[in-house]
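Let's take a walk through this one, from the inside to the surface and back to a polar spot. Have the viewer open as you read.

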Amino acid sequence: MESFEEIADEEVPKEPRIYVSQSLRRLTREILATKTQNCFTQTKRTEITMIQIAFSIGLDSIWRFPYLCHRNGGGSFILVYFFMLLLFGIPLLYIEMIMEQWLRVDNVRIWKQLVPWLGGIGYASIMVCILVSLYNSVIIVWSLSYLSHSFDHPLPWNECPLVKNINVTDLSCLRTVSHQYFWYHTTLSASGHIEEGVKALVLHLTLGIFAAWFLLFLIMITGLKVSIPMLIFSVFLLYILLCLFIRSLFLEGAIASLRRMVTIELSAWASLDLWRQAGSHVLYSLGLGMGTIINLSSCKTGGSNYAQVASLMALVNLVTSLLATSIIFIVLGFWAATSGHACVEKGVSKLMKLIDDGVLPQDAKPPENILLQPPLDYLDWISNLPRHLQDQVIRFSPSCSIKAQKEKFMEGPGLAFAAFSQVVSLFPASSLWAILFFLTLAVTELSTLIRILEGIVVPFQNSIFRNYPQLLSGFLGSFVFTSRPGSYIMSLFDDRLVPLTLITIVAFQNVALAWIYGAKRFREEISSELGHFLWSFFTFLLCYMTLPGLLALLIICLIQLYQRVPPYYIAWNSSVSTHFTSGGTSRTTLPLNALKSHCPKRCPWPPSSTSHGLSTAW
């Protein structure tokens with residue numbers, strides 16, 4: 001009889017079974033880890049794509065594109081912008097996306113690695129990010145200011161404000177729509193000219209800057225995640241814009257306004273300023289030259305779909321810009337259709353009704369033949385009323401312009417805020433719509449500004465000031481834009497300084513890639529990294545299409561610096577002199593070296609030359 005040990009030895013050994021089981025478990029873990037990693041990579045890629053698309057819906061599409069389009073003739077500007085978007089907007093956006101996937105460093109070190117002796121390009125990108133963030137922060141404050149007034153009922157921009165000391169100057173509210181008066185008088189407390197200097201800050205704007213930068217510091221230092229909220233609010237902003245557009249279609253003169261928006265005047269293409277502003281806005285709206293795209297693509301997620309992502313970003317940006325511009329053109333057409341004699345008729349009808357209801361005394365009754373006289377006679381009648389009646393008549397006057405000239409009202413960055421405040425006031429429960437719109441607007445701009453700040457903080461922390469995120473305290477310089485002439489300074493920054501800097505940076509980047517590093521070498525190394533060849537047209541596009549376009553833009557900007565016509569800004573003129581225009585604004589031309597002067601509106605600069613002071617806008 002065999003012993004127990006012999007029987008045990010003859011049994012099937014268990015070690016091989018244990019070995020197979022461990023191998024299967026190890027293989028299972030590897031498969032699960034691979035699937036998890038692929039799932040994470042796919043999720044991360046999708047998240048980055050959605051962030052990039054949300055970044056393209058930045059506030060520049062809401063406030064900057066519309067007033068540039070309005071200033072440069074509508075359809076002529078749109079067509080030039082679309083042409084430049086295809087020429088170098090999408091290609092350069094695609095290049096910035098794949099560059100980070102290749103080197104995976106920040107926007108300063110990436111140029112040091114490619115072309116060491118042009119490493120200053122990265123620091124120039126930081127500089128332009130600082131400039132943009134300085135004056136973009138005040139746009140958040142403007143949105144917050146409108147948001148704070150949105151809780152009032154009725155909305156305060158729907159009628160002329162009640163003033164205590166009525167004088168001739170206060171009649172300016174009747175010369176323009178109340179929404180524009182609210183923008184200059186209440187929101188900005190704007191001065192009449194930039195020569196007034198930064199003597200005192202506007203209190204509510206200054207407090208808003210403190211609140212905006214404190215929130216930005218909190219997000220940047222604590223590392224709060226804003227990707228998903230940014231995406232949600234961006235989508236919600238598009239939904240609100242669509243609702244505003246549908247409502248504005250029912251306004252008087254809407255179809256004619258849209259027709260005027262898409263009208264193309266070939267003579268407008270002779271203007272170098274149109275090409276400069278359209279080209280610079282392509283770079284500005286897509287974040288080219290600022291390093292924001294490189295920082296957004298900071299993780300390795302694959303680049304096979306970057307051409308589609310770049311095209312989608314440009315498309316969403318264009319659709320958002322056109323939607324906002326359509327609303328603003330419709331509102332401008334509505335203001336024009338209800339101004340002049342139409343506004344006088346509306347005002348007289350309202351006054352007569354209030355007199356019949358006993359709200360106003362019989363002394364406030366307009367002359368019987370007032371409707372047969374020019375609109376300015378209606379203003380003269382109001383100015384001759386006793387003081388105790390003037391404030392009541394102004395208070396109950398309709399939201400329209402008594403005086404209209406060539407169907408134009410205002411220009412500049414405030415155009416969007418005045419126009420959108422008009423549309424939201426037309427909805428039922430207008431206060432709720434105003435709260436939703438301006439809250440979404442503020443959050444969208446806050447999210448965009450965070451991405452711009454990352455283009456400053458990330459390179460500094462990686463190379464120079466590793467342990468000092470408190471560098472953001474240097475942005476207290478944005479307080480200059482909260483002064484009474486702060487909006488004029490902001491306009492000069494946005495129209496002159498930043499576009500020239502952006503075009504210069506992007507032109508140097510293109511030269512460095514195409515001719516110094518080498519377009520063919522760049523294409524081969526990128527193709528090797530991505531695992532597939534880029535399309536053959538890429539080299540030709542980089543060398544012979546985007547580069548000449550950027551150099552032509554740079555030349556136009558340099559020519560503009562030496563033009564005979566000096567730069568101008570849009571100033572608020574609350575007087576009743578002959579220089580007062582239909583919209584209450586006037587185009588003020590000012591040599592750049594005259595920023596230090598403190599002289600009357602019509603003083604010459606220099607004294608021996610012709611006047612570059614206040615002049616009519618239209």
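What follows covers a nonpolar core, a surface patch and one glutamine.

This is a predicted model, where local features need pLDDT of at least 70, side-chain atom pairs count only at pLDDT 80 or more, and totals for chains, interfaces and linings use all residues. Residues are numbered from 1 along each chain as its sequence is written, and side-chain values use heavy atoms, with hydrogens and water left out.

Start inside. The largest nonpolar core (buried Ala, Val, Leu, Ile, Met, Phe, Trp, Tyr and Cys joined through side-chain atoms within 4.5 Å) has 182 residues, and Phe420 and Phe437 touch the most other members. Helix α14 (residues 306-337) gives the most to this core, with 18 residues; helices here are DSSP runs of H or I, at least four residues, numbered from the N terminus. Leaving aside residues up to four places away in sequence, Phe437 is in contact (heavy atoms within 4.5 Å) with Leu237, Ile240, Leu241, Leu244, Phe420 and Val424.

Now for a polar spot. Gln277 sits in helix α12 (residues 272-286), and it counts as buried because its relative accessibility is 2%, buried being under 20% relative accessible area, exposed over 50% and partly exposed in between, with a 1.4 Å probe and protein chains only. Its side chain makes polar contacts (N or O pairs within 3.5 Å, one able to donate a hydrogen and the other to accept it; residues adjacent in sequence count only if both atoms are side-chain atoms) with the side chains of Asn72 at 2.6 Å and Asp495 at 3.3 Å.

Last, the outside: Phe540 belongs to helix α21 and is partly exposed, because its relative accessibility is 41%.

Note on methods. Helix = DSSP H or I, 4+ residues; strand = E, 2+ residues; numbered from the N terminus.
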